[in-house]
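Student: I have a structure open and would like to learn how to read its features. Could you walk me through some of them?

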Amino acid sequence: MADIVLTTLNAKYIHAAFGLRYLMANLGELHHRACLLEFDINQRPVDVLEMILAHEPRIVGIGVYIWNVAQATQLVSDLKRVRPDVIVVLGGPEVSYETDEQEICRVADYVITGEADLAFGELCAKLLAGEKPLMKVIGAGLPEFARSAVALPYHLYSEQDAANRVIYVEASRGCPFKCEFCLSSLDVPVRNVPLDAFLPAMQGLLDRGVTQFKFVDRTFNLNVTIGKAILGFFLERMRPGLFLHFEMIPDRLPEPLRDLIRQFPAGALQFEVGIQTFNDDIATLISRRQDNEKVAENLRWLRDETGVHVHADLIAGLPGEDLESFGQGFDRLVEMRPQEIQVGILKRLRGTPIVRHDETWGMVYSPTPPYEVLRTRLIDFETMQKVRRFSRYWDLVANSGNFVDTTPRVWAEGSAFAGFWRWSDWIHVRAGRTHGIALNRLAELLFEYLTRELGQDRTEVAETMWRDWQRGGRRERPEFLKELVGPAPRGPRLEHPASPARQARHLGTV
């Protein structure tokens with residue numbers, strides 16, 4: 001039994017609800033009257049409702065995000081039909097803007113916009129005391145970490161979480177930049193968690209066996225002093241299996257940070273680098289500041305002199321950018337050799353000022369999550385669909401680490417974008433899908449394309465592909481390669497415990 005149930009539907013089971021843990025940690029005297037229930041979007045909302053109501057709550061707080069708003073809307077609607085007396089409180093980025101346009105906000109009792117760490121507990125205290133706030137939509141003030149007003153939530157990760165889930169952490173909130181497509185541009189100023197509280201919390205997680213940390217800070221390397229302290233902390237405690245993910249500003253990598261980064265073993269660090277566009281005119285149009293020459297220098301340094309796994313992001317469909325410009329940016333990024341390139345489709349996130357370009361650039365977005373752009377004045381719908389397929393096939397072939405040496409054969413000496421675009425069109429015709437393609441089948445289709453369509457030597461392609469196959473820890477030859485390559489050499493399988501499997505495949509040490 002619990003008076004307060006905090007819940008959400010995660011995108012996957014392995015994801016942990018970081019925001020809910022913050023709310024739970026800051027309930028104060030109400031903590032013992034609350035429980036946290038996590039579900040995922042693959043569960044039926046009606047079954048989720050049954051499990052929530054089994055706790056006989058008086059208040060249900062629900063985290064609403066772009067990936068779960070459809071399921072959460074059904075959950076809230078059914079809850080209010082079955083138990084209209086239960087008070088529903090919503091929070092999260094999806095309901096922090098444009099609340100008057102959303103069905104889920106209409107049927108809920110209260111909506112807290114912004115960072116609800118403290119506001120949720122304050123609202124619950126009033127509701128349980130019989131007070132009824134006058135306003136349905138409650139704007140939360142920005143909590144101050146520096147004053148230790150916000151309790152950190154890391155003790156609320158369970159042993160099961162530590163063993164089976166992604167452990168999210170943050171050393172700061174906010175972003176100093178104003179990129180118009182991003183919700184973080186609305187979250188100012190940047191606020192840092194005091195290191196004297198943060199680092200002991202990280203030590204507590206390490207002591208409990210956590211080995212993979214995903215920092216959600218938008219600008220991890222903005223404050224060099226803090227970045228050095230955190231990298232140094234983990235470097236001193238480096239051990240097999242420790243893996244750290246950071247989002248970094250791509251054109252800011254001063255020498256003090258470089259000195260620490262180069263000391264980490266290969267595969268222990270992953271940097272998510274938001275490039276988004278290399279077109280300076282488009283960057284100016286969407287209020288993005290970026291020194292592209294510095295970006296290129298930093299990415300080449302990371303690849304040439306460190307063991308960092310680089311995950312770089314580009315966005316297709318930005319206002320004012322045509323396919324040719326995007327392709328040129330893609331080729332430029334390929335030359336910098338990040339292990340992964342995430343081709344994202346522009347989304348119109350609620351509250352972001354990207355909408356100011358709609359009329360000028362003919363921006364048409366889907367009205368349903370994830371609100372991706374359908375067409376622009378410069379890229380029609382059919383072409384945008386091809387970009388979506390390109391993104392998915394790139395993820396399957398290049399990003400996966402299954403075809404590290406084989407992938408460049410798709411474009412040989414020419415444009416990587418143009419070459420992979422042709423492959424994307426070809427495999428879509430042959431496979432008729434972008435999901436559910438078995439790895440063996442994907443490899444066979446890739447072999448067919450390289451040898452039949454591009455006329456590359458069968459033996460050379462087979463040998464390259466067989467090396468890739470083995471770098472993923474596979475010993476059995478696919479049927480289509482057996483006549484062209486010999487069996488795998490005997491001996492123990494190579495392992496690299498410092499990296500998750502996908503990253504380790506890029507190292508060739510799974």
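**Reading burial, salt bridges and helix packing**

Tutor: Happy to. Let's begin with one residue: Asp3 is partly exposed, with a relative accessible area of 21%. Keep in mind that this is a predicted model.

Student: What does Asp3 form a salt bridge with?

Tutor: Its partner is Arg33, and the closest N and O atoms of the pair are 2.8 Å apart. Arg33 is partly exposed as well, at a relative accessible area of 27%.

Student: Which parts of the chain does that pair tie together?

Tutor: Asp3 sits in the segment before β1, and Arg33 in the loop between α1 and β2 (34-40), so the salt bridge ties together parts that are 30 residues apart in sequence.

Student: How many salt bridges does a search of the whole structure find?

Tutor: The search finds 41. One of them joins Glu236 to Arg237, with the closest N and O atoms 3.4 Å apart. Glu236 is exposed, with a relative accessible area of 67%, while Arg237 counts as partly exposed at 29%.

Student: And inside a helix, how should I think about spacing?

Tutor: The general idea is that an α-helix has 3.6 residues a turn, so residues three or four places apart point the same way. Now the case here: the side chains of Asp395 and Arg392 meet in a salt bridge, at 3.9 Å from N to O. These two are three residues apart in helix α14 (residues 381-399), which means about one helical turn separates them.

Student: Is Asp395 buried or exposed?

Tutor: Asp395 is buried, because its relative accessible area of 18% falls under the 20% cut-off. Arg392, with 23%, is partly exposed.

Student: Which residues are linked in a network of salt bridges?

Tutor: Look at Glu115, Asp117, Glu170, Arg173 and Arg191, which are linked in such a network.

Student: Can we look at another charged residue? Where is Glu94 found?

Tutor: Glu94 lies in the loop between β4 and α4 (103-107). With a relative accessible area of 5%, Glu94 is buried. Leaving aside residues up to four places away in sequence, Glu94 touches Val64, Tyr65, Ile66, Val69, Gln102, Arg350 and Tyr371.

Student: Let's move from residues to a whole helix. Why is α5 described as largely enclosed by the rest of the structure?

Tutor: Count its buried residues: seven of the ten in helix α5 (residues 119-128) are buried, so the helix is largely enclosed by the rest of the structure. The buried ones are Ala119, Phe120, Gly121, Leu123, Cys124, Leu127 and Leu128.

Student: What covers those buried residues of α5?

Tutor: The cover includes the strands β1 (4-10), β3 (59-63), β4 (87-91), β5 (110-113) and β6 (137-139), together with helix α1 (18-25). After α5 comes Gly130, which has a positive phi near 90°.

Student: Last topic, helix packing. At what angle do α15 and α16 pack?

Tutor: Helix α15 (residues 416-431) and helix α16 (residues 439-453) pack at about 120°, and their axes are 11 Å apart. That angle makes α15 oblique to α16. The crossing of α15 past α16 is right-handed.

Student: Which residues meet there?

Tutor: From α15 come Gly419, Arg422, Trp423, Trp426, Ile427, Arg430 and Ala431, and they meet Arg441, Leu442, Leu445, Leu446, Glu448, Tyr449 and Glu453 of α16. By class, this contact of α15 with α16 has eight nonpolar, one polar and five charged residues.

Technical notes: Residues are numbered from 1 along each chain as its sequence is written. This is a predicted model: local features need pLDDT of at least 70, side-chain atom pairs count only at pLDDT 80 or more; totals for chains, interfaces and linings use all residues. Side-chain values use heavy atoms; hydrogens and water are left out. Axes are lines fitted to C-alpha atoms, for helices over the stretch in contact, and angles run from 0 to 180 degrees between N-to-C directions. Helices (H or I, at least four residues) and strands (E, at least two) are DSSP runs, numbered from the N terminus. Angles under 35 degrees count as roughly parallel, over 145 as roughly antiparallel, 65 to 115 as roughly perpendicular and the rest as oblique. A crossing is left-handed if the near helix is turned anticlockwise from the far one by less than a right angle, and right-handed if clockwise. Contact means heavy atoms within 4.5 Å. Ala, Val, Leu, Ile, Met, Phe, Trp, Tyr, Cys and Pro count as nonpolar, Asp, Glu, Lys and Arg as charged, and the others, Gly among them, as polar. Buried means under 20% relative accessible area, exposed over 50%, partly exposed in between (1.4 Å probe, protein chains only). A salt bridge is a side-chain nitrogen of Lys or Arg within 4 Å of a carboxyl oxygen of Asp or Glu.
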